[in-house]
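Visitor: Got a minute to walk me through this one? I'd like to start with how some of the helices pack.

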Amino acid sequence: MSRVVVVHGVGRQLDTAETLLAEVEPALRGGVELALRRDPTLGRLMDGDIVCAGYGDLYRQPGTRGEPYYRAEDVEPGFEAVLLETWWREAARLDPRIAGPDIGWPDGMGPGPAARGAVGRIASRPLAVDRVRRALHALTRTRFFGAVSDRLLISDLKQVRRYFTEPKLREAVRARVEELIRPETRVVVGHSLGSVVAYEALCALRPERTPLTLITLGSPLGLAGLVFDRLQPAPQQGGLGLWPAPVKHWTNLADSGDVVALVRELAPRFGPEVVDLPVDNGSEMHSMRAYLTAVETGTAIATGLAW
C-alpha cells in the first residue's frame, strides 16, 4: 500500500527511503491525529499507508568522502548566485537585524548576459566572491539559516541548480516518485524542492488515473525565473502554470517566515483551485517535520484520504 507518498527536499543525500520514513511517519501521523480530533469523519491512516520517495543518493558523488568542502568561491555565477541573493533579500526583509544587499550583482554574475564578456566576468569575480561571502555571513546568522554552515548552504544551492540544469539527474529524481504512485495512492506530499519534483511527476501521469490530492509544503514553485519558468511542462501562454491532470485537490501551506517559500500563495500562478493556507512553524520555519505536524497539513491529508 502507498496511499500517501512523501517527497523530501534538498540536503537528504545521506538518507534512504527507509530512514526518511522513520522520521516522516510519526510526524505525518501526528498531524493527521490532530485533524481527526477536530473532525472524526475525515480519512484515517492504516499501517503501511505512508512511503517516502528517497532520491538523495543521486546527489552523492562516488569516490568522495562525504560532501565537498564548499567555499564562497564555489558558488557559481548565474543560477546559484541569483538564488543566494534572492534568499538573502528575503531573509533581510523578514529579519530587520540582518543587513541586506545594497547593490546589484557585478556584470556577468546575474541572470542576464555579461555586459563586458569573458574578460569582464573574470575581472569582476573577486567582487562577486566578496558579495557571496557577505550573503553567506548574513544568512547563517538568521533565525532561518542559523543552524546551517556555509558549506551546507552552498551544497543546497548546488542541489537546486543541478535539478534544473542536469536533465538526466532530473529524470532520475522524478522516476523515484513516479514508481511509488500506484493505483491506490490518494495523496502526494512534496516539501521544498520535493514539491517541484512531485508537481512535475504528477504532470507526467495519465489524466484518467484515480484522482489525487497534492499537498505542497514550503514550496518554491511560485518563484519566477529560477523555478516557475523552468518547470516541465512549461507554464502556459499567459503565465499560468499547468494544472496536473490527475490532481483533484491541491493545498499549499507556507509559514510566513519561510525564506524558501518566497511566493507563499500559488493560486495566482496555478489557478484559483489551489487552496493556500498559512501555518505557524515557530522557529522551524522550513522544517518538514514542523509542516507535517501542523493540524492544517494533517487536515489536508486526512481530507484527501476520505475522498
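Guide: Sure, and keep in mind that this is a predicted model. Helix H4 (residues 150-165) packs against helix H5 (residues 167-178) at an angle of about 95 degrees, and their axes are 6 Å apart. That makes H4 roughly perpendicular to H5.

Visitor: Which residues in H4 and H5 meet?

Guide: From H4 you have Arg-162, Tyr-163, Phe-164 and Thr-165, and they meet Pro-167, Leu-169, Arg-170, Val-173 and Arg-174 in H5. By class, that contact splits into 5 nonpolar, 1 polar and 3 charged residues.

Visitor: OK, switching to H1. What span should its 22 residues have, and how far apart are the end C-alpha atoms?

Guide: H1 covers residues 17-38, so at 1.5 Å a residue the expected span is 32 Å; the end C-alpha atoms are 31 Å apart, which agrees.

Visitor: Where's the kink in H1?

Guide: At Val-24, shortly before the proline Pro-26, and the kink is about 30 degrees.

Visitor: And which residues of H1 are buried?

Guide: Val-24 itself is buried, along with Leu-20, Ala-27, Leu-28, Gly-31, Val-32, Ala-35 and Leu-36. What covers them includes strands S1 (4-7) and S2 (50-53), plus helices H8 (288-293) and H9 (295-306).

Visitor: How do H1 and H9 pack?

Guide: Their axes are 7 Å apart at an angle of about 85 degrees, so H1 and H9 are roughly perpendicular to each other. Leu-28, Gly-31, Val-32, Leu-34, Ala-35 and Arg-38 in H1 meet Val-295, Gly-298, Thr-299, Ile-301 and Ala-302 in H9. The contact of H1 with H9 has 7 nonpolar, 3 polar and 1 charged residues.

How values were computed:
Residues are numbered from 1 along each chain as its sequence is written. This is a predicted model: local features need pLDDT of at least 70, side-chain atom pairs count only at pLDDT 80 or more; totals for chains, interfaces and linings use all residues. Side-chain values use heavy atoms; hydrogens and water are left out. Helices (H or I, at least four residues) and strands (E, at least two) are DSSP runs, numbered from the N terminus. The expected span of a helix is 1.5 Å times one less than its number of residues. The bend at a residue is the angle between axes fitted to the seven residues ending there and the seven starting there. Buried means under 20% relative accessible area, exposed over 50%, partly exposed in between (1.4 Å probe, protein chains only). Contact means heavy atoms within 4.5 Å. Axes are lines fitted to C-alpha atoms, for helices over the stretch in contact, and angles run from 0 to 180 degrees between N-to-C directions. Angles under 35 degrees count as roughly parallel, over 145 as roughly antiparallel, 65 to 115 as roughly perpendicular and the rest as oblique. Ala, Val, Leu, Ile, Met, Phe, Trp, Tyr, Cys and Pro count as nonpolar, Asp, Glu, Lys and Arg as charged, and the others, Gly among them, as polar.
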